[in-house]
Protein chains: 2
Amino acid sequence: MSHITLQDIAKKAGVTTTTISRALNNKPDVSPKTKDRILRIAKNLGYTPNLLAKSLRSQKSKTIGVVLADISNPFFAAVAKGIEDAAHKRSYSIILCNTDEEYEKEEEVLQVLVEKRVDGLLITPVQKEYKDILRIKERRIPLILVARHFDTIETNSVVSDDVLGGFLATEYLIKKGHKRILYISGPLHISSALERLKGYKRALKEYKIPLKEKLVRGYTAKMGKAYTLMRRILKEKLDFTAIFTFSDFLALGVMKAIREEKLKIPDDVAVVGYDDIEFASVLEIPLTTVHMPKYRLGMEGTNILIDEIEKKSTNRKPQKLTIKPELIVRKSA
Amino acid sequence: MSHITLQDIAKKAGVTTTTISRALNNKPDVSPKTKDRILRIAKNLGYTPNLLAKSLRSQKSKTIGVVLADISNPFFAAVAKGIEDAAHKRSYSIILCNTDEEYEKEEEVLQVLVEKRVDGLLITPVQKEYKDILRIKERRIPLILVARHFDTIETNSVVSDDVLGGFLATEYLIKKGHKRILYISGPLHISSALERLKGYKRALKEYKIPLKEKLVRGYTAKMGKAYTLMRRILKEKLDFTAIFTFSDFLALGVMKAIREEKLKIPDDVAVVGYDDIEFASVLEIPLTTVHMPKYRLGMEGTNILIDEIEKKSTNRKPQKLTIKPELIVRKSA
DNA sequence: CTGTTAGCGCATTCAG
DNA sequence: CTGAATGCGCTAACAG
């Protein structure tokens, strides 16, 4: 037979499934003798509890839905690691879904996740829309946003202070004497991209450097696009001495284009990235960047989420954790 | 109320759950009128099917368990992307688990995955042991091994030809005139590491270069360890002109150590990696490496697995797919 | 200490 | 075309 059930054990042991259940779950009210016998039989039969049945009964699936933009991006991969570790430590599994930054996919996977009755949701929202997130809220399914957040919706969230991060990076370049700083931005519907841009602008303002619209470009999250764009910009003979990028990932594409133009980093052009992915430090010209606590973001987010899932009291106000970013000075700027 | 059920709809519609079920699942034997009405009511109520209940009933969970060594490693991250994409296309979800290359964790997560009644398992085995894999086989749970395989167990598998890959890398270096080639190996219990070493040895033999035991080192999968090791080796004044590494990931650590010693790549020492991770091509000295079809490995593996899950006939013999690797020549060697 | 009853939500018989 | 009965595997309430 394919899967042993309580019934099977019950038959062999000559008792009912109730007793089996009690014995197997260490509940009281089972004589030590029968308990021993049951445990032995269960083991012999190779019994494996059916968590689907348990979940249906208990209304708890012990699994959380994780919705990320793209696991193959090292930033999200690191976040995912933090999530998996934390979840595993607290005996939860994770169902992982990719959105590829498409709202339709986000909607779709959230639907499935709800149908699979995950106990909670951990999401990096696409942010082109947010009706689907509202639906989750209305259903009162525990939810936390990671690395991105909405101004308009109150939810749990774990983010890094991206305005500060953008400010720190820009300020550093300014103090190094740069006045014409190119910012390769991420898509502005993403809160982190928007806020890093705010930080960039704030730094310019604070140091009385006029903002030039032409120096803000990009609006992409893809390395390949950043590379192509950078090639184009270099042909344009745009006037700048430093570049700040939305992410290290983008910085890699940008630096490749720069290298192909035989320009020297940081002498001809300084580069500051964002995220501090593992590779940033092992590049031949180690990348100056803003450290994002990726693993911690995933870990803390998961813990807050599970806390909410397991909390008896319903009306806790949203937990909002903001982690301070830190400028990591290396060689690229 | 927290979750709408067929009952709730049934009450409103004045029919039984049987009819509701039929209507919602597009089964025959429901009058168009009542079907319309039911659909409308369901929508109004915000009905979301309970897949836990469905799964319990149908004995199918539409989810597959994915066990990887470490998602934060870009190699596995790329594999995971292929898996997720393929699974999503065929309407499966994935429960993702990390083993961190520890057999005990592998055992543990496989147990949970079986309890959650995944329809199949996609595993990168730790290979320090394999009893747990055997248990899965005995239970006749559809299973596929990805990127690694056992000689002693017959299972579905998708791998790249690692012996060939190791051979190609080594042969290339030999043809470039190198005779003292250092190999920084992965842990030898991992089949891919063992086979790449075989390829290395085979190339040496074919070109009549004596194998020197001292030139095979490492046995690690961690970048940090490769870095530390390389620093030590450089102090030792070991005699070599080229390095072949088990993975690009290791190569990064190795190259960092080399750079710190002010040695030039590829002039002072040539470096060939393995995997062709996305970063390999954007390094200042783009890495010569062996291309592993990571995404494809994940995708094809998933498709084979789901084929088996959905196949009526039980006794199909194990599918074994071996993808040919390819040498990618760039600048580091 | 153990059993009986009942139900989590759903879909498949089998009747009508 | 629709309903009643049954069970997927498990556990909690209630009896004894």
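**Group meeting: a two-chain model**

Okay, let's start with how the two chains relate: rotate chain B by 180°, with 0.0 Å of shift along the axis, and it superposes on chain A with an RMSD of 0.0 Å. That is the relation of a two-fold axis. Keep in mind that this is a predicted model. If you want to find the axis on screen, look for B:Ile95, whose C-alpha comes closest to it of the residues of chain B, at 2.2 Å.

So, how do the chains meet? Chain B puts 37 residues into the contact and chain A puts in 37 residues. On the side of chain B that touches chain A, the elements giving two or more residues are helix H4 (51-58), helix H5 (74-89), strand S2 (93-98), helix H6 (103-115) and H11. The largest share there is from H5(B), with 6 residues. Sort that side of chain B by class and you get 20 nonpolar, 9 polar and 8 charged residues. And 100% of the interface residues of chain B are interface residues in chain A too, so the copies meet through the same surface.

Now zoom in on S2. Strand S2 of chain A, residues 93-98, is joined to S2(B) by 3 bridges, and the two run antiparallel. To pick out one pair: A:Ile94 has B:Leu96 as its bridge partner in S2(B).

Next, one chain by itself. Chain A has 12 helices and 12 strands. Is it compact or spread out, going by the globule rule? Its radius of gyration is 26 Å, and the rule gives 20 Å for 333 residues; the value for chain A is well over that, so the chain is more spread out than a compact globule. Along the principal axes, the C-alpha atoms of chain A fill a box of roughly 85 × 40 × 30 Å. Of the 333 residues in chain A, 51% are buried. As for contacts in chain A between residues at least 6 apart in sequence, 70% of them join residues at least 24 apart.

Let's stay in chain A and look at strand S6, residues 181-185. Here 5 of the 5 residues are buried. In a regular strand, side chains alternate between the two faces of the sheet. For S6(A), we have A:Ile181, A:Tyr183 and A:Ser185 on one side, A:Leu182 and A:Ile184 on the other, and all are buried, so both faces are covered.

What does S6(A) pair with? Strand S8 of chain A, residues 242-245, pairs with S6(A) in the parallel sense over 4 bridges, and A:Ile184 has A:Thr245 as its bridge partner there. Strand S7 of chain A, residues 216-218, is joined to S6(A) by 3 bridges, again running parallel. In that pairing A:Ser185 stands opposite A:Gly218.

Over to chain B for the sheet as a whole. It is an open sheet of 4 strands in the order S7-S6-S8-S9, with parallel pairing. S7 (216-218) and S9 (270-272) are the edge strands of chain B, each pairing on one side only. On average, neighbouring strands of this sheet are turned by 25° against each other, direction ignored.

Two helices to finish. Helix H9 of chain B, residues 191-206, lies across S6, S7 and S8 and runs at about 170° to S6(B). Helix H11 of chain B, residues 248-260, lies across S6, S8 and S9, at about 150° to S8(B). You've met H11(B) already, among the elements on the side that touches chain A.

Terms used. Residues numbered from 1 in each chain as written. Chains lettered and ligands numbered in written order. Predicted model: local features only at pLDDT ≥ 70, side-chain atom pairs only at ≥ 80, totals over all residues. Least-squares fit on C-alpha atoms with pLDDT ≥ 70 in both. Contact = placed C-beta atoms within 7 Å. Pairing = 2+ DSSP bridges. Axes fitted to C-alpha atoms, helices over the stretch in contact; angles between N-to-C directions. Nonpolar A, V, L, I, M, F, W, Y, C, P; charged D, E, K, R; others polar. Rg over C-alpha atoms; globule rule 2.2 N^0.38 Å. Buried ≥ 20, exposed ≤ 12 C-beta atoms within 10 Å, placed from the backbone.
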